[in-house]
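Dear colleague,

Please find below the structure that I am handing over to you, together with its sequence. My notes on what was found in it follow directly afterwards.

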Amino acid sequence: MKKALIVAGAGGFITHFELSDIDILIDMGYHVICAANFDNPLYEFDIDTLNRRNVTIYNIPMSNRPSDIVSHVRSFFCLKRIIRRENVDIIHCHTQVPSAISRMSAGRTKASIIYTSHGFHFYGKSSLTVRIIKYIEKKLAKKTDCIITINNDDYNNALKLASGRTIVRKIPGIGIDTERYIPAEASGKSVRASSGIPDGAFYIISAGMLNDNKNHITVIKAIAALDNPNIYYDIFGEGPKRPELEQAIASYGLTGKVRLRGYRSDMYNYFPAADCSVFVSKHEGLGMAALESLSCGIPVIATNLSGTREYIINGTNGFFIDAWNNVSQLANIIDSCCTDRRILKNMAHDCRKTATMFDISISRTIMKEIYNDIDKRTKHNRYK
């Protein structure tokens, strides 16, 4: 049987983002193997979803942080053993660091390699570390059969990295289930009530890992600066910044107004309850949670980045701040929206219209094409 190995930093990433790809590969006759750090709590991990698909699981000490050298060395040797033991035909790796380790671990294997970049973070920067990362990416691109990108800037940059053998494709992320993420004003009101949001309050939501990149602290600072008791802010997600954010919430006197709600797999219930959502990341390959918000008809306030420029039209379905640390600009936008909520209500139709261009069916169609192209060029190990 043909075998495909999917590699990611966190195990929850696979059950959260990769089930569609797994199903496509299974339909093509592949046995799917997943290697990731299943002890990483950044995403909720549902092992039953993989067991039902007869997926083989390997727990390896993978890390997304470039500085975790010990983890990288251990992951390198773990992956090398897995690739040899399973004799895989396709390796599909995700994100910058795990993908670099995966491609180095592949060595001289004849397996075809697919690399999905969830954002190149080294373009436009010139530090020594960035130059080293860029050099490594260029070298590894020579042994990569397909580079998948999720925004236009990264697509153009991938073309510069690609060798003659490399296919470069762009997909609209994993895609949004626009039949599940829908405007739902009535249920939104019910969720607000059950969540303790008073009638008439201005309710803001963010969803994403509690890490430095997602930059929730800037939103907290903006709300503190406004000092408006009618503004409520819920952050959905988990991560290493939780203690720091809890301390900031308390120190700004926002306890009960700003809440860390933990990870939720049913954000389609919560986004319709919000007046707007805020995603002021430092960098973003695309930003699926923001698209989920748009699909529910809820406008987005976001940093002006390569990823967010794929779908946000300033003043039409959301608003941009020009820098991730521009607290005053963010506060002014929130204040304007809170003062005149018709601004946001009038955007609902355009929000939903934008999201339909990122429907999951579009992503699935492109991924089927990619896997079929790679399958045709793969010398399957079962024939050796």
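**Findings in the predicted model**

Ile 6 has Cys 34 in strand 2 as its bridge partner. The two strands concerned, strand 1 (residues 2–10) and strand 2 (residues 30–37), are paired in the parallel sense over 7 bridges. Two strands count as paired if DSSP finds at least two bridges between them. Helices (H or I, at least four residues) and strands (E, at least two) are DSSP runs, numbered from the N terminus.

Before going further, I should state that this is a predicted model, in which local features need pLDDT of at least 70, side-chain atom pairs count only at pLDDT 80 or more, and totals for chains, interfaces and linings use all residues. Residues are numbered from 1 along each chain as its sequence is written, and side-chain values use heavy atoms, with hydrogens and water left out.

**The sheet of 7 strands**

Strands 1 and 2 belong to an open sheet of 7 strands in the order 3-2-1-4-5-6-7, with parallel pairing. Its edge strands, each pairing on one side only, are strand 3 (56–59) and strand 7 (167–170). On average, neighbouring strands of this sheet are turned by 15 degrees against each other, direction ignored. Such angles run from 0 to 180 degrees between N-to-C directions, and the axes are lines fitted to C-alpha atoms, for helices over the stretch in contact.

Two helices that lie across strands of this sheet may be noted. Helix 5 (residues 96–106) lies across strand 1, strand 4 (90–94) and strand 5 (112–116), and runs at about 155 degrees to strand 4. Helix 7 (residues 152–161) lies across strand 6 (146–149) and strand 7, running at about 175 degrees to strand 7. Contact here means heavy atoms within 4.5 Å.

Ser 75 is placed in helix 4 (residues 69–86). With a relative accessibility of 0%, Ser 75 counts as buried; the term means under 20% relative accessible area, while exposed means over 50% and partly exposed in between (1.4 Å probe, protein chains only). Apart from its neighbours within four places in sequence, Ser 75 is in contact with Pro 61, Met 62, Ile 101 and Ser 105.

**The sheet of 6 strands**

A further open sheet is formed by 6 strands in the order 10-9-8-11-12-13, and the pairing is parallel. Strand 10 (258–260) and strand 13 (318–321) are the edge strands, each of which pairs on one side only. Neighbouring strands of this sheet are turned against each other by 20 degrees on average, direction ignored. Helix 9 (residues 216–226) packs on the sheet and touches strand 8 (202–207), strand 9 (231–236), strand 10 and strand 11 (276–279); its direction makes about 170 degrees with that of strand 9. Strand 12 (residues 300–303) runs parallel to strand 13 and is joined to it by 4 bridges, with Thr 303 standing opposite Ile 321 in strand 13.

**Salt bridges**

Side chains of opposite charge can pair when their charged atoms come close. A salt bridge is taken as a side-chain nitrogen of Lys or Arg within 4 Å of a carboxyl oxygen of Asp or Glu, and by this rule the count comes to 21.

In one of them, Lys 3 pairs with Glu 86, the closest N and O atoms being 3.0 Å apart. Because Lys 3 lies in strand 1 and Glu 86 in helix 4, the pair ties together parts that are 83 residues apart in sequence. Lys 3 is partly exposed, at 22% relative accessible area, whereas Glu 86 counts as buried at 11%.

A salt bridge also joins Arg 165 to Asp 145 (2.7 Å, N to O). Arg 165 lies in the loop between helix 7 and strand 7 and Asp 145 in the loop between helix 6 and strand 6, so the pair ties together parts that are 20 residues apart in sequence. Arg 165 is partly exposed, with a relative accessible area of 37%, and Asp 145 counts as buried at 5%. Asp 145, Arg 165 and Arg 377 are linked in a network of salt bridges.

With kind regards
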